[in-house]
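Visitor: Hi, I have a few quick questions about a model. Could you pull it up so we can go through it together?

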Amino acid sequence: MKLLFGFLATLLLVPLAASGAASQLRCEYQDRPIAIEAARPRLSWIVQDDRAGARQTAYRVLAASGVERLQEGQADLWDSGKVDSDQSVNVAYAGKALNSGQRVWWTAKIWDADGKPSGYAEPTFWEMGMLKPADWQAELIRMKTEPEFSNDAVEHWMLYGIGNKVSASARTWVEKRMRPAPYFRREFTLDAVPAKAKLLIASLGYYELFINGKRVGDRVLDPAYQEYDRQIYYVAHDVTGYLKQGRNAIGIIVGNGWYNQLGQFWGTPMNKFYSYKDELGNQGVVVRLDAGSVRVVSDGSWKASYGPLLRNELFIGEVYDARREMPGWGQPGFDDSGWSPVEAIAAPAERLVAMQVAPERAVREVRSVQITEPSPGIYVVDLGETIAGWPKLTVDEPAGTKIAVRPAPFIRNKPHFMGHPLPYPDPKLDRKVIENMIGGELYSRPPDADDKERCRFHVCDVYVAGGKGRETFQRRFSYVGFRYFEITGLTKKPKLEDVCGVVVHTDLPQTGRFACSDGKVNELYESFSKTLRYVTHGLVNDNTDAEKNSFRGHQAMAGDFLAYAWNDPQLWEKAVTDIQLQTVEDGPTAGFPPIKAPAPRYFHGRNSGAFVALADTLIEPARGLLFTGNRELARRHFDHALRFIELYADRMTDPRSLEKFDKQKDRVGIIPQGDWLDVWKNGERPHFGDGASSRSDIVYRCLFVITLDQVIATARVLGRSERAAELGALRERVAATVNKLAYDAGKKSYGSQAENVLALQAGIVPGIDVPAVAADLRRQIMVDWGGHLSVGFIGVRFISSVLSEFGHPGVAHHLWNVNTWPSWRWLYENGYDTANSYWNDFHVPGKLPAARFIQSEKPVAAVWCYESLCGIKPVFDKPGFKHFILAPQPPPDMKWAEAEVRTVHGTIKSRWERDGGAVGYTFTVPANTTATIRLPAGAGRTVSREVAAGIHTINP
C-alpha cells in the first residue's frame with residue numbers, strides 16, 4: 001500500500017462556514033437536569049465552529065437565579081469572568097452556595113482561535129435536588145394492613161407456571177409470600193395552576209406515578225437497581241402540565257422490583273441477598289410535591305389498597321385481573337373509604353440519592369409475523385426477531401376469561417432447538433413435548449424448604465378479562481427475553497395486529513454509528529448492538545432471563561462497546577458508585593469489590609470470584625475518565641483501586657498457580673474461570689468455569705497488567721506520579737512472571753489464542769518477538785482451528801483488534817465472515833439474531849443449546865468496528881477525546897468502512913475507501929480538539945501526524 005505523509009499535500013483542510021459559539025450546554029453531562037446534588041455542578045458545552053483549526057482560547061460563564069438576570073454584570077450567582085482556557089468540559093460551578101430545589105439559569109460565551117468573542121449561548125438551567133435529609137419533610141409510608149382475598153387468577157398463574165404436580169406446602173408458600181402490588185393515593189387542592197411544579201419519588205421497588213389519572217412520563221422499571229441498605233434512589237419529575245386548579249390527586253402503584261423479589265437466579269434464594277425486607281414484604285414510597293405555595297408529602301394522610309395487579313415477580317411474570325380494576329382511583333373524588341390506612345416505617349437506608357443514569361423505556365413495538373395453533377386452543381406468536389421486554393395483546397373476551405401468556409426463546413423440534421416440556425393444566429399435555437410449541441428454559445426457582453424439587457416456576461403472565469370490550473394487557477414491573485409467546489385461554493384465535501412485543505431497556509443516547517461494505521459484518525454488528533442494548537438495565541447484565549443481574553465482568557468487558565455506541569457518562573458514575581457501595585469495608589477481605597450486582601449480602605465477604613469481575617473496580621473509573629473526561633470520578637475512586645491492587649499484587653507476582661479456589665472466608669482466592677465461555681474441542685467442559693483452551697493463571701495475570709496500565713495512566717492524569725511509578729514497577733514484575741510461566745521463546749507463543757491475544761494486548765511480549773507471536777496467533781486461528789476462534793469471555797474483547805493492530809486485519813475480517821462452527825456467523829445463520837452464551841452446548845447430545853440466548857459476552861467484539869476498522873481511539877493524556885488517535889486498519893478484502901462517535905467535545909468521523917489497490921481517507925476532527933492520524937505505509941510501517949480541528953482528506 002503506497003500511502004505516505006510525504007505527500008500530505010493531499011491532506012486537505014476543508015474550511016466551512018464560520019460559526020464559533022458555545023452550544024449544547026450541559027450540567028453534569030445532562031440537558032436541563034432537575035435533581036443535581038453536587039455542591040459544585042460541572043458544566044460543559046460543545047464548541048460549534050466548523051472552521052479549520054477551530055479552537056477555544058477562553059470562556060466566560062454566567063449563572064443567575066432567574067433568566068432575566070442572566071446578563072453581564074447582573075448574574076447574581078456567578079460570573080466566572082474571562083478565563084483563558086480551552087476547557088469546555090466539566091467546568092466546575094464556583095458561585096454562591098445553592099439550596100435544595102433551587103433553579104439556576106446559566107449561559108456561556110467563548111473566544112475563538114483569533115481571540116474573537118462569540119455571543120452568549122441560549123440560556124439553559126439546572127435544578128438542585130434534595131441536599132439534606134431534613135429538606136424532604138416526608139416519610140416512608142407503606143400499607144398498614146393487608147386486606148384478605150382469594151382469587152382464581154393466582155391459581156391459574158401457578159398452574160401454568162408450576163403445573164399440577166405441586167405440593168400443598170409449595171402452593172401455600174407462594175400464596176403467603178407473593179403479594180399484590182399496593183396502590184397509594186392522596187388528594188390535595190390548588191387555588192391556581194402553579195407556574196412550576198416538581199414531584200420527587202423514592203420507591204422501594206419499581207413504581208408507576210399518576211396525577212389526576214394520567215400517567216406521568218414514559219419511564220418504566222423505575223428506579224434502576226441500587227443497594228437498598230446503602231442508599232435509595234429518588235426520581236424527579238416535572239409535573240407542571242399535569243396539575244389543575246381545584247382538587248388534584250396523586251396515585252402510585254409500587255411493584256417488587258429488586259427490593260422485594262422472591263424468585264431466584266441460578267437457584268440462589270433472593271432472601272439470602274437482602275435482610276432488610278419487612279415482615280409484610282410491602283414496598284413503601286417517599287413523595288414530595290412542590291407546586292407553587294403548596295407542598296404535598298408522604299405521611300399518614302395517604303391511603304392504600306390492593307388492586308388488579310395481583311402478582312409481579314421480576315424473574316417470573318405478572319398476574320393482572322381486570323375484574324378488580326378501580327375506575328378513577330388516581331383521580332380526585334374517588335371513593336377511597338374502603339382503602340387501608342398507611343403507616344410510616346424506617347427506611348433501609350438513610351441516604352436518598354437522585355437517580356442520574358438514563359431511565360428504562362419501552363423504546364419500540366415489534367409486530368407479530370405469524371400465529372400458529374400447534375394444539376387446539378393454544379396459540380404461538382412469532383415476533384420474527386428476539387427482543388427483551390414483554391408481550392402485549394389486545395383481546396375482546398367475556399369477563400373472567402383467564403388468559404395465560406408464556407414467552408420463550410425457541411420453538412421445539414426445529415433444528416438445534418430441542419426445548420423442554422412445560423407444565424400444562426391439561427393432563428394430556430402436561431410435561432409433554434408437543435411439536436412447534438414453545439421451548440427453552442425460562443424459569444425461576446422460588447425457595448421452598450418443604451419441597452425443593454418443585455422449584456421451577458416457568459415465566460408466565462396471567463391476564464383475566466374484565467369483559468369491557470377491547471382490553472389491552474402488558475407487564476408493568478418485569479421483563480424477559482423472548483421471540484415467541486404462547487397464549488392459552490382465548491375463545492378465538494387472535495389477529496396479528498392484536499399481538500406484539502414491546503422492547504424495553506435502558507434508553508441510552510446513541511453516540512456511535514458504523515457501516516461498511518461487507519453486509520455480513522453489518523449484520524453481526526447490528527446483532528451485537530441489539531444484544532448489548534437488551535442486556536443493559538441500569539448496568540450491563542449477564543442475560544435477560546436466568547440472572548438479569550451483572551456478573552461485574554460483563555460491565556468490565558462489554559462497557560467499551562457501550563462507550564463508543566451508547567455513551568452515557570452517568571452510566572459510568574453509577575457503575576463506580578455501585579462498586580463502592582458493595583466493596584467490603586472491614587475484616588480480612590477489606591477492599592474486596594463485588595463480583596455480582598445485585599446480590600450484595602450474599603456475596604459480601606466471600607473470598608473470591610473470577611478476576612475479570614473483580615477487575616471492574618479498576619476498569620470502570622478509567623473508562624469514565626477516558627471516554628468522558630471525568631477526572632472527579634477517577635479521583636474519587638483512585639484509593640479504592642489501590643486498595644484492591646494491594647489485595648492481589650503478591651499473588652500476581654508469585655509464580656505459583658492462581659487457580660486454587662480458597663474457600664476460607666479469611667482468604668482472598670480466585671475461581672479458575674479463566675477465559676470463561678471459550679471453545680473446547682472435545683465437546684465437554686473439562687471442569688467448572690475454565691475452558692480447555694487457556695490457563696486461568698496466565699489469562700488473569702495478563703488482564704491484571706492491562707488494567708494496571710489503565711490505573712497507571714489514570715494516576716498520571718491525576719498528578720499521582722509517585723503512585724504511577726510504583727504501579728509501573730509492579731506491572732513489570734507481573735509481566736516478568738507471565739513470561740516466565742508461559743512464554744515459549746522457541747515457538748514464539750504463550751499457548752492458546754487467548755493467551756497470545758492477551759499477552760499482545762498487555763504489551764508484555766519481548767519487543768523483537770511481537771511479530772512472531774502475532775504470526776503464531778494467526779497460525780492457531782487459520783491452521784490449528786481451521787479458520788476459527790477459540791476465545792471466550794475476555795479474549796473476545798481483544799482478538800479482532802489485536803489481529804488488526806499487529807498486522808493481520810484480513811484475519812480479523814475473516815473471523816467476522818467464517819460461517820462454520822465455532823463462529824459468530826454460524827450462530828447468526830443458525831437461528832440466533834442476538835448473541836448467545838455457550839459455544840459447546842451445540843455438541844452435547846440432549847443438551848438445550850445455549851439457553852442464554854441474549855447474553856452479553858460476545859457483543860463486545862464489535863469494539864473492533866470503531867477502534868480498528870475505523871481507528872477511533874481516545875487517549876488518557878487528554879481524555880474525553882480532547883485529543884485522540886485516528887488509525888484505521890483496512891482489511892485487504894473490504895472496500896470501505898465508516899464510523900462516527902459523538903463525544904463530549906463533538907462528533908468524530910472516520911471513513912476510508914479503496915480505489916483499486918490504494919486507500920483514501922476522510923476524517924472529521926471536532927472544534928477545540930486535536931488528533932494524531934496514523935496510517936499504514938507498507939512493509940509493516942506506519943506514518944503519523946498531529947492535526948487540528950477540521951475535515952482532513954487524504955487521497956490515494
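Visitor: Let's begin with residues 686–690. How many contacts beyond four places in sequence does the model have there, and where does pLDDT stay?
Guide: This is a predicted model, and over residues 686–690 pLDDT stays under 50. The model still has 17 contacts beyond four places in sequence for that stretch. Where pLDDT is low, the predicted coordinates should not be read in detail.

Visitor: Which other stretch has pLDDT under 50?
Guide: Residues 1–18 do, and the model has 49 contacts beyond four places in sequence for them.

Visitor: And what does the chain average?
Guide: The average pLDDT is 88, with 87% of the residues scoring at least 70.

Visitor: OK, the overall make-up. How many helices and strands are there?
Guide: The chain has 17 helices and 48 strands. Of its 956 residues, 64% are buried. Among contacts with a separation of 6 or more, 74% are between residues 24 or more positions apart.

Visitor: What about the exposed surface of the chain?
Guide: About 33,700 Å² is exposed, and carbon and sulfur atoms supply 48% of that area.

Visitor: Switching to a single residue: where is Ser749 found?
Guide: Ser749 is in the loop that runs between helix 11 (721–742) and helix 12 (753–762).

Visitor: Is Ser749 buried or exposed?
Guide: Ser749 counts as buried, because its relative accessibility is 7%, and the cut-off for buried is under 20%.

Visitor: So what does Ser749 touch?
Guide: Beyond its neighbours within four places in sequence, Ser749 is in contact with Ala742, Tyr743, Asp744, Asn756, Asp776 and Gln780. With Asp776 there is also a polar contact between the side chains, at 2.7 Å.

Visitor: Cysteines next. How many disulfides does the count come to?
Guide: The count comes to zero disulfides.

Visitor: Why is there no bond from Cys865 to Cys516?
Guide: Because their sulfurs are 6.9 Å apart, which is too far for a bond, and Cys516 holds the closest cysteine sulfur to that of Cys865. A disulfide would need the two sulfur atoms within 2.5 Å.

Visitor: Are Cys865 and Cys27 buried or exposed?
Guide: Cys865 is buried, at 0% relative accessibility. Cys27 is buried as well, at 1%.

Visitor: Cys27 makes me curious about strand 2. What is the order of the sheet it belongs to?
Guide: That is an open sheet of three strands in the order 2-3-6, with antiparallel pairing. Strand 2 (21–27) and strand 6 (91–92) are the edge strands, each pairing on one side only.

Visitor: How many bridges are there between strand 2 and strand 3?
Guide: Five bridges, with strand 3 covering residues 42–48. In terms of register, Ala22 stands opposite Val47 in strand 3.

Visitor: Last topic, strands 43 and 44. How do they pair?
Guide: They run antiparallel, with eight bridges joining strand 43 (residues 896–903) to strand 44 (residues 906–915). The two form a hairpin with two residues between them, and Thr903 stands opposite Gly906 in strand 44.

Visitor: What comes after that, between strand 44 and strand 45?
Guide: Strand 44 pairs with strand 45 (residues 918–925) in the antiparallel sense, over seven bridges. Here Arg914 stands opposite Val919 in strand 45.

Visitor: Which residue in the turn between strand 44 and strand 45 has a positive phi?
Guide: Gly916, with a phi of about 70°. Strands 44 and 45 form a hairpin with two residues between them.

Note on methods: Residues numbered from 1 in each chain as written. Predicted model: local features only at pLDDT ≥ 70, side-chain atom pairs only at ≥ 80, totals over all residues. Heavy atoms only, no water. Helix = DSSP H or I, 4+ residues; strand = E, 2+ residues; numbered from the N terminus. Buried < 20%, exposed > 50% of the residue type's maximum accessible area, 1.4 Å probe, protein only. Polar contact = N/O pair within 3.5 Å; in protein donor to acceptor, adjacent residues only side chain to side chain. Contact = heavy atoms within 4.5 Å. Pairing = 2+ DSSP bridges. Areas by Shrake-Rupley, 256 points an atom, 1.4 Å probe, with all protein chains shown as cover. pLDDT = per-residue confidence, 0-100.
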